[in-house]
Amino acid sequence: GEVVGEHDGYPFYTVGQRRGLGISLGYPIYVTEIDANTNTLTVGRDEALSSNALIAEGVNLIKWDEIPASGADATVKIRYRDAGVAATLHPTAEPGTARVDFSQPRRAVAPGQSVVFYDGDDVVGGGRIRRVLSNEETAA
């Protein structure tokens, strides 16, 4: 909640970025959140980049007709070169959205990026990351 510097505009930054921030706080800092509406970057320590869940929008399923109410297991990739991690997909009340709970924390999950669901080598579906859920939200 404290202003620690100014930046050149949010399009020049990405979640997880450390270099080029022009801020020295005595410890390594990273971009942890970007708010395009207010042109605000939030920075923090590396551990602030860790997330256990996300909300995906624009979800398009290819192999399944729907995500079962009880949830479905899949391997989930949050970026192109990501090895993927086991996760459980849950339908939400809003059509075309899903909650993804990771089996282990993921680093630098970035809203606006694609998320892809796999069953082995088969693509089950995917969507766009709408929101990263805080660890406090996932503990509730």
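These exercises walk through a predicted model, each with a worked solution.

Residues are numbered from 1 along each chain as its sequence is written. Local features need pLDDT of at least 70, side-chain atom pairs count only at pLDDT 80 or more, totals for chains, interfaces and linings use all residues, and side-chain values use heavy atoms, without hydrogens and water.

**Exercise 1. The elements**

Task: State which pattern the protein follows along the sequence.

Solution.
- Start with the terms: helices (H or I, at least four residues) and strands (E, at least two) are DSSP runs, numbered from the N terminus.
- Count them: the protein has 1 helix and 8 strands.
- Read them in order: β-β-β-β-β-β-β-β-α.
- Add the extent: the C-alpha atoms fill a box of roughly 50 × 30 × 25 Å along the principal axes.

**Exercise 2. The barrel**

Task: Find which strands form the closed barrel.

Solution.
- Recall the rule: two strands pair if DSSP finds at least two bridges between them.
- Follow the barrel: its 6 strands run β3-β6-β5-β4-β7-β8, with antiparallel pairing.
- Note the twist: it averages 45 degrees from one strand to the next. Axes here are lines fitted to C-alpha atoms, for helices over the stretch in contact, and angles run from 0 to 180 degrees between N-to-C directions.
- Take one neighbour of β5: strand β4 (residues 72–77) joins β5 through 5 antiparallel bridges. Ala72 stands opposite Leu89 in β5.
- Take another: β5 (residues 85–91) and β6 (residues 98–107) are antiparallel and joined by 5 bridges. Ala87 faces Phe102 in β6, and Thr88 stands opposite Asp101 in β6.

**Exercise 3. Two hairpins**

Task: Identify which residue takes a positive phi in the hairpin of β5 and β6, and which does so in the hairpin of β1 and β2.

Solution.
- In the hairpin of β5 and β6, 6 residues lie between the strands, and Gly96 has a positive phi near 80 degrees.
- β1 and strand β2 (residues 40–44) pair in the antiparallel sense over 5 bridges. Val31 has Val43 in β2 as its bridge partner.
- The hairpin of β1 and β2 has 4 residues between the strands, and Asn39 takes a positive phi near 55 degrees.

**Exercise 4. The pockets**

Task: Describe the largest pocket and the second largest pocket.

Solution.
- Fix the terms: on a 1 Å grid over the protein atoms alone, a pocket is an open set of points where a 1.4 Å probe fits, with protein on both sides within 12 Å along at least five of seven lines; lining residues have an atom within 4 Å of a point.
- The largest pocket has a volume of about 640 Å³. Of its 26 lining residues, the closest to the centre are Thr32, Glu33, Val109, Pro111 and Val132.
- β1 gives the largest share of this lining, 4 residues. The lining divides into 12 nonpolar, 9 polar and 5 charged residues.
- The second largest pocket holds about 400 Å³. Of its 20 lining residues, the closest to the centre are Glu2, Val4, Leu41, Thr42 and Val43.

**Exercise 5. Charges over rings**

Task: Find which residue lies over the face of Tyr118, and which lies over the face of Tyr30.

Solution.
- Apply the test: NZ of Lys or CZ of Arg must be within 6 Å of the ring centre and within 35 degrees of the ring normal.
- Lys77 lies over Tyr118, at 5.0 Å from the ring centre.
- Arg107 lies over Tyr30, at 5.2 Å from the ring centre.

Key: Grid points are joined across faces, edges and corners, and a volume is the space filled by probe spheres set on the points. Ala, Val, Leu, Ile, Met, Phe, Trp, Tyr, Cys and Pro count as nonpolar, Asp, Glu, Lys and Arg as charged, and the others, Gly among them, as polar.
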